[in-house]
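These are my notebook entries on a structure that is new to me. I set down what I looked up, in the order in which I looked it up.

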Amino acid sequence: MKRTHTCGQLRAAHIDKTVTLCGWVQNYRDHGGIIFLDLRDRDGITQLTFDPDLCGKPAHEAASRARSEWVLQVSGTVKSRGDRKNPNLDTGEIEVFAQEITVLNKAETPPFEIDAHAQVGEEVRLKYRFIDLRRPQMQKNLITRHRAVKLVRDYFDAHRFLEIETPILCKSTPGGARNYLVPSRVHPGSFYALAESPQLFKQLLMVGGYDRYMQVARCFRDEDLRVDRQPEFTQIDIEMSFIDMDDIMAIGEGMVSKLWKELLGVELPMPSRRMTWTEAMLTYGSDKPDLRFALPIVDLTDWAPSSGFTVFQNAVAAGGVVRALNAKKAFETLSRRTLDQLTEFVKGHGAKGLAWIKVQNGEWQGPAAKNITEAARAELAKRLDVGDGDVLFFGADTVKTVCAALGALRVELGVNKLGLAKPGDWQFLWVHSAPLFEWSDEAKAFVAVHHPFTAPYDEDVDRISTDRANARSKSYDMVLNGIEIGGGSIRIHDSPTQGKVFAALGISEEDAQQKFGFLLHALSFGAPPHGGMAFGLDRLMMLMAGAESIREIVAFPKTQKARDEMVDAPNAVTERQLKELHIVTSAAAKA
């Protein structure tokens with residue numbers, strides 16, 4: 001046995017016991033011939049004392065040569081530190097007087113300190129991820145992630161769910177997220193797609209009679225990256241038969257409640273607030289509103305024609321809307337320079353500009369104020385509850401543009417400019433009943449808001465063919481502090497309705513059979529009513545850890561350019577490999 005204890009286990013109860021520890025050298029100190037080494041492993045740090053009168057010359061000399069990140073095995077006796085206790089360490093009341101030392105491995109000087117407070121650029125951290133993983137915060141994050149996954153599995157097991165693995169190599173079905181393609185060597189010219197989700201397979205499991213399925217599933221999407229997105233990610237995937245939306249929401253709430261209680265010691269008030277998609281977009285300009293602060297958006301479209309302000313009047317005349325929000329008591333905080341910055345900010349979200357009014361001592365200031373009539377101003381003051389020190393912001397454009405601009409502005413104000421979002425405030429929300437379809441200006445067609453397997457409300461089935469814009473879906477997304485952490489829907493479980501949805505999306509019967517024939521066939525063999533959802537494990541852990549990026553809670557993440565700098569991937573492959581896969585690159589073809 002190379003060690004008897006970890007570096008975080010020893011306490012006063014171990015005093016006078018002989019122990020053996022293994023770990024990495026965190027710090028080295030020589031105090032007049034007595035050498036102190038801090039030995040570290042993932043459990044903690046223990047101080048080792050090398051007194052030449054007790055450990056002997058060979059051990060003392062070996063300790064004197066040790067340097068940062070060397071790997072050591074040390075045996076000795078546990079002693080009390082007396083009045084020299086270190087309250088910052090779990091092992092701070094003891095030290096180990098060393099008697100034997102073995103150098104298990106030496107280490108080059110690391111590119112950065114293995115310290116919680118060391119400031120290191122992300123590029124360097126990712127290149128040397130194997131060293132970065134030794135940092136206390138990274139170890140805490142990954143240990144918490146492990147505990148979370150275990151809790152999740154135990155929770156679903158207690159609720160009769162079966163964890164069943166689904167294929168990662170799947171059929172490519174263009175039209176959703178961009179897939180990673182895998183060429184088939186044994187089927188020249190054919191490709192697998194890496195699974196972007198287990199969606200169709202878990203529905204087929206419901207047809208197969210496995211009425212409660214879950215999986216901690218690896219998924220892949222070839223999309224542009226963000227701080228909360230990676231090309232490969234993990235989701236907590238569930239599907240249930242013979243249920244409705246309330247059943248799935250209750251199961252999801254139970255899972256997050258267990259995680260927050262066990263990992264953070266927080267009792268979440270449940271059930272969570274629920275809000276229709278329409279209400280969320282109208283009041284917050286977003287289908288994932290942050291409810292840690294108010295700042296509601298108020299619709300002023302009926303007020304605008306008599307406002308006297310041409311910009312507002314023209315927007316409504318063109319079929320658009322006028323909406324506003326009131327940043328209460330923000331007069332002093334939002335300087336003219338900040339207002340100019342906010343104007344540029346909303347332009348980045350599609351707005352042509354930003355009308356604003358500042359109110360102080362009864363005086364209305366700003367470019368928009370002088371254009372609004374006295375009567376309209378009085379009505380506006382009532383609707384927006386205007387008081388001294390308030391700053392009003394307006395959006396006037398299409399519904400889509402106003403929602404995007406004011407929704408983003410609301411978050412920028414609440415989180416970054418006014419500091420209204422407080423740490424430790426967990427605001428969970430279900431946003432449900434999103435439209436079944438939305439118009440895509442890029443595709444010049446209706447597309448599915450969630451995915452084409454989402455069931456419509458029973459009373460909206462006829463609208464699939466006659467009034468697509470107003471057909472509602474049995475969908476539900478769980479939102480936490482403005483971030484979507486999970487989403488799902490009740491599924492279509494009969495072939496005729498599924499065929500109607502495909503037709504509404506412009507998918508011909510021939511295309512539907514080619515892409516999804518196996519599903520349509522399965523639905524005709526007694527598919528039960530079913531539904532499910534998926535939680536983004538990475539996003540959940542990012543929020544629970546208080547991290548700024550998913551890369552902080554994934555062991556080996558990709559960069560924002562979808563590269564792994566540590567192993568240098570993706571990389572070129574040999575001509576022999578390409579030939580085996582019957583692939584010719586464009587560069588080779590040109591040559």
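**Entry 1: Q203**

I looked up whether Q203 is buried or exposed. The relative accessibility of Q203 is 1%, so I recorded the residue as buried, the cut-off being under 20%. I note here that the model I am reading is a predicted one. Q203 belongs to helix α6, which covers residues 199–207. I then asked which residues Q203 touches, leaving aside those up to four places away in sequence. I found E239, F453, R491, I492, L519 and H530.

**Entry 2: I464**

I turned next to I464, which sits in helix α13, residues 463–466. I464 has a relative accessible area of 1% and is therefore buried. Leaving out residues up to four places away in sequence, I listed L436, F437, P456, T497, K500, V501 and A504 as the residues that I464 touches. I also looked up the separation of I464 and D246, which are 218 residues apart along the chain. Their C-alpha atoms are separated by 24 Å.

**Entry 3: A562**

Where is A562 found? I located A562 in the loop between α16 and α17, the latter being residues 575–580. The relative accessibility of A562 is 29%; because this lies between the cut-offs of 20% and 50%, I entered A562 as partly exposed. A562 touches L225, A569 and P570, again not counting residues up to four places away in sequence. A562 and I490 are 72 residues apart along the chain, and I noted 33 Å between their C-alpha atoms.

**Entry 4: α5 against α7**

Two packed helices are described by the angle between their axes and the distance between the axes. I looked up both values for α5 and helix α7, residues 245–264: the axes come within 10 Å and cross at roughly 140°. An angle over 145 would count as roughly antiparallel, so I recorded α5 as oblique to α7. The crossing of α5 past α7 is right-handed. On the α5 side, I listed T144, R147, A148, L151, V152, Y155 and F156 as making the contact. On the α7 side, I listed A250, I251, G254, M255, K258, L259, E262 and L263. Sorted by class, the residues of this contact of α5 with α7 are 10 nonpolar, two polar and three charged.

**Entry 5: α5 against α16**

I then followed α5, residues 136–158, to helix α16, residues 537–545. Their axes come within 11 Å, and the crossing angle is roughly 125°. The two helices, α5 and α16, are therefore oblique to each other. I recorded a right-handed crossing where α5 passes α16. Which residues of α5 and α16 meet? From α5 I noted N141, T144, R145, A148 and V149, and from α16 L537, D538, M541 and A545. In the contact of α5 with α16 I entered five nonpolar, two polar and two charged residues.

**Entry 6: Aromatic rings**

How many aromatic pairs does the structure hold? I entered 13 aromatic pairs. One is Y155 with F156: the ring centres are 5.1 Å apart and the planes stand at 75°, so I classed the pair as edge-to-face. Y155 and F156 are both buried. Another is W303 with F312, whose ring centres are 6.0 Å apart and whose planes are at 55°, so this pair is tilted. W303 and F312 are also both buried. Finally, I noted that W303, F309, F312 and F394 form one aromatic cluster.

Conventions: Residues numbered from 1 in each chain as written. Predicted model: local features only at pLDDT ≥ 70, side-chain atom pairs only at ≥ 80, totals over all residues. Heavy atoms only, no water. Axes fitted to C-alpha atoms, helices over the stretch in contact; angles between N-to-C directions. Helix = DSSP H or I, 4+ residues; strand = E, 2+ residues; numbered from the N terminus. Parallel < 35°, antiparallel > 145°, perpendicular 65-115°, else oblique. Left-handed = near helix turned anticlockwise from the far one by under 90°. Contact = heavy atoms within 4.5 Å. Nonpolar A, V, L, I, M, F, W, Y, C, P; charged D, E, K, R; others polar. Phe/Tyr/Trp six-rings, centres within 6.5 Å; stacked < 30°, edge-to-face > 60°. Buried < 20%, exposed > 50% of the residue type's maximum accessible area, 1.4 Å probe, protein only.
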